[in-house]
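Here are my notes for someone opening this one up for the first time. Have a look at the picture, then walk through the points below.

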2 protein chains.
Amino acid sequence: MLKNYKLIIAYDGSNYGGWQVQPNSTSIQELMQKAIETIVRDTITLIGSGRTDAGVHAIGQVAHFKIEKELDLKKFSHSLNGILPIDIRVLHVEQVPLDFHSQRSAKSKIYHYHIHNHPVQNPFKRHYSLHIRDKIDISLLQQAASLFVGKHDFTSFANESHQGCAAKNPVRNILRLDVVQDGDDIRLEFEADGFLYKMVRNIVGTLLEVIKGRRSLDDIPRLLAARDRTQAGQAAPAHALFLHKVKY
Amino acid sequence: MLKNYKLIIAYDGSNYGGWQVQPNSTSIQELMQKAIETIVRDTITLIGSGRTDAGVHAIGQVAHFKIEKELDLKKFSHSLNGILPIDIRVLHVEQVPLDFHSQRSAKSKIYHYHIHNHPVQNPFKRHYSLHIRDKIDISLLQQAASLFVGKHDFTSFANESHQGCAAKNPVRNILRLDVVQDGDDIRLEFEADGFLYKMVRNIVGTLLEVIKGRRSLDDIPRLLAARDRTQAGQAAPAHALFLHKVKY
């Protein structure tokens with residue numbers, strides 16, 4: 001009888017072309033699928049909750065695959081981490097009902113964007129956060145962030161995918177966009193029912209323009225209404241973005 | 001008139017042969033000295049509070065140099081960070097009295113050794129902490145650590161330096177060796193009036209043998225009394241060690 005296995009995965013995306021299989025770069029999905037196939041001695045299809053771009057990290061990516069074989073979960077997880085490179089780790093494996101789908105069953109996703117706000121960059125954070133030298137006005141950042149919360153058409157903040165197609169429905173519901181300050185670190189916590197392609201990084205790019213004084217708060221509702229990608233800010237760098245959790 | 005400048009420096013030691021000038025590898029001291037010479041257009045001697053080994057990191061290394069020129073501190077610090085590679089950052093520069101010496105004036109030094117204690121390694125900590133899979137008995141680790149505190153002859157825990165000479169006086173006073181737990185992370189905080197060559201890593205190596213059950217607590221006073229490097233544990237890996245602070 002077919003069984004369905006759910007994996008929770010952490011990865012340092014620095015050295016990869018993203019989650020999804022892409023030409024001319026190594027994808028994490030591809031590496032993991034091959035590693036699983038080596039262990040289970042069968043072909044499988046590993047489906048992730050969604051792609052993360054080149055350079056984006058994950059603490060709690062979720063994926064699933066189906067197979068006839070009954071797996072010894074502890075042994076399987078141990079073997080998989082033995083095969084995988086050290087910058088990709090399987091944190092948890094469990095058997096789930098057959099109708100569980102890592103992408104379609106997801107209720108919401110949480111992304112974190114890390115900013116290090118200090119006159120001098122911290123060398124230990126350089127691969128995992130965006131360094132901003134000038135003091136950020138947290139209250140302004142919070143006000144700007146709050147304007148994105150709720151159900152909106154996010155066309156202005158979505159890139160076309162590599163396949164050249166935009167999402168059929170560009171409406172997403174941002175449940176929260178919290179600005180969390182921890183000393184010199186600022187974390188933007190996004191939770192939404194789903195995200196369009198590059199949506200988090202494009203929103204962060206626009207928030208950065210607001211805190212740098214290049215845009216006013218009034219621009220945000222205007223940009224949302226415009227439904228035109230060319231009007232909003234550039235995507236913020238990938239290396240500071242983490243897929244934190246997928247909720248089911 | 002000669003002026004004395006004190007620098008506080010952070011560096012990711014991963015890509016360097018250590019603080020001190022050494023043949024066949026790039027030292028941080030050498031890189032910094034050259035960068036300073038480029039800016040001040042003069043030859044200087046940059047003296048650090050002590051060397052850190054290849055691969056060891058620093059959050060608060062201290063160094064000083066003397067020069068006739070009056071420096072604009074903000075401008076100098078900015079130029080220096082502009083020349084230095086991104087994994088070395090000058091956090092602070094100030095003018096200090098002429099008799100200040102980064103090594104000789106130091107009252108105590110603090111080193112932190114980072115352990116990640118979890119069945120699966122966290123990919124984001126792999127360059128900066130030692131991964132230990134099996135659950136560590138914190139109480140046992142604390143008991144073992146406490147046996148090193150105080151004034152001891154640390155010959156058993158000191159390597160000969162590259163120059164082939166041991167320290168003339170192998171007695172050091174460990175003011176505290178705290179075991180700080182923070183979730184799955186364990187931090188060993190060493191504060192002493194000084195450290196012999198590889199002393200922190202050699203002590204950690206022996207502590208690891210105790211928590212793995214390969215040595216008993218009674219071994220520690222015996223090892224200290226033996227004054228024989230060959231009897232104590234191997235040095236723990238360098239990549240988990242941070243020079244945290246130098247107190248004056």
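Is R227(A) buried or exposed? With a relative accessible area of 52%, R227(A) counts as exposed. Keep in mind throughout that this is a predicted model.

1. Start with the partner of R227(A). Its side chain meets that of D153(A) in a salt bridge, 2.9 Å from N to O. R227(A) sits in the loop between α5 (219–226) and β10 (241–247) of chain A, while D153(A) belongs to strand β7 (residues 150–153) of chain A, so the pair ties together parts that are 74 residues apart in sequence. Unlike its exposed partner, D153(A) is buried, at a relative accessible area of 16%.

2. Now hop over to chain B and look at helix α5 there, residues 219–226. Its buried residues include D219(B), I220(B), L223(B) and L224(B). They span an arc of only 135 degrees around the axis, which puts them on the same side of α5(B). Among the elements covering these buried residues are α3 (138–146), β7 (150–153) and α4 (199–211) of chain B. Just past the helix, R227(B) has a positive phi of about 50 degrees.

3. Back in chain A, there is another salt bridge to find around residue 219. D219(A) and R215(A) pair up through their side chains, at 3.8 Å from N to O. Are these two buried or exposed? Both D219(A) and R215(A) are buried.

4. Next, strands β8 and β9 of chain A. E189(A) forms a salt bridge with R176(A), and the closest N and O atoms are 3.0 Å or less apart, at 2.9 Å. The pair links distant parts of the chain: E189(A) is in strand β9 (residues 185–192) of chain A and R176(A) in strand β8 of chain A, 13 residues apart. E189(A) is buried, with a relative accessible area of 10%, whereas R176(A) is partly exposed at 23%. Salt bridges that share partners also join R176(A), D178(A), R187(A), E189(A), E191(A) and K247(A) into one network.

5. While you are on β8, check Q181(A). This residue lies in strand β8 (residues 171–182) of chain A. Its relative accessibility is 43%, so Q181(A) counts as partly exposed. Leaving out residues up to four places away in sequence, Q181(A) touches I138(A) and I186(A). From Q181(A) to D53(A) you travel 128 residues in sequence and 25 Å in space, C-alpha to C-alpha.

6. D53(A) brings us to the domains. Chain A is divided into domain 1 (3–96) and domain 2 (108–247). The centres of these two domains of chain A, taken over C-alpha atoms, are 27 Å apart. Their contact takes 17 residues from domain 1 of chain A and 18 residues from domain 2 of chain A.

7. How much area is buried between domain 1 of chain A and domain 2 of chain A? About 1300 Å², with carbon and sulfur atoms giving 52% of that. R51(A), D53(A) and H57(A) supply 41% of the area that domain 1 of chain A buries against domain 2 of chain A, more than any other three residues. Between domain 1 of chain A and domain 2 of chain A the count is one salt bridge. D53(A) also has a salt bridge with R201(A), side chain to side chain, at 3.2 Å from N to O.

8. Now take both chains together. Chain A superposes on chain B through a rotation of 180 degrees with 0.0 Å of shift along its axis, and the RMSD is 0.0 Å. The two copies are thus related as by a two-fold rotation axis. In chain A, F124(A) has the C-alpha nearest the axis, 5.3 Å from it.

9. Last, where the chains touch. Here 22 residues of chain A are in contact with 22 residues of chain B. Of the interface residues of chain A, 100% are also interface residues in chain B, so the copies meet through the same surface. The area buried between chain A and chain B is about 1700 Å², of which carbon and sulfur atoms give 69%. How many salt bridges are counted between chain A and chain B? The count is two salt bridges. D12(A), for instance, forms a salt bridge with R126(B), where the closest N and O atoms are 3.0 Å apart. Over all chains, the count comes to 28 salt bridges.

Note on methods:
Residues are numbered from 1 along each chain as its sequence is written. Chains are lettered from A and ligands numbered from 1 in the order in which they are written. This is a predicted model: local features need pLDDT of at least 70, side-chain atom pairs count only at pLDDT 80 or more; totals for chains, interfaces and linings use all residues. Side-chain values use heavy atoms; hydrogens and water are left out. Buried means under 20% relative accessible area, exposed over 50%, partly exposed in between (1.4 Å probe, protein chains only). Helices (H or I, at least four residues) and strands (E, at least two) are DSSP runs, numbered from the N terminus. The arc is that of the directions from the helix axis to the C-beta atoms. Contact means heavy atoms within 4.5 Å. Copies are superposed by least squares on the C-alpha atoms of residues with pLDDT of at least 70 in both. Domain bounds come from an automatic or database domain assignment. Buried area is the accessible area (1.4 Å probe) that two parts lose on being put together, summed over both. A salt bridge is a side-chain nitrogen of Lys or Arg within 4 Å of a carboxyl oxygen of Asp or Glu.
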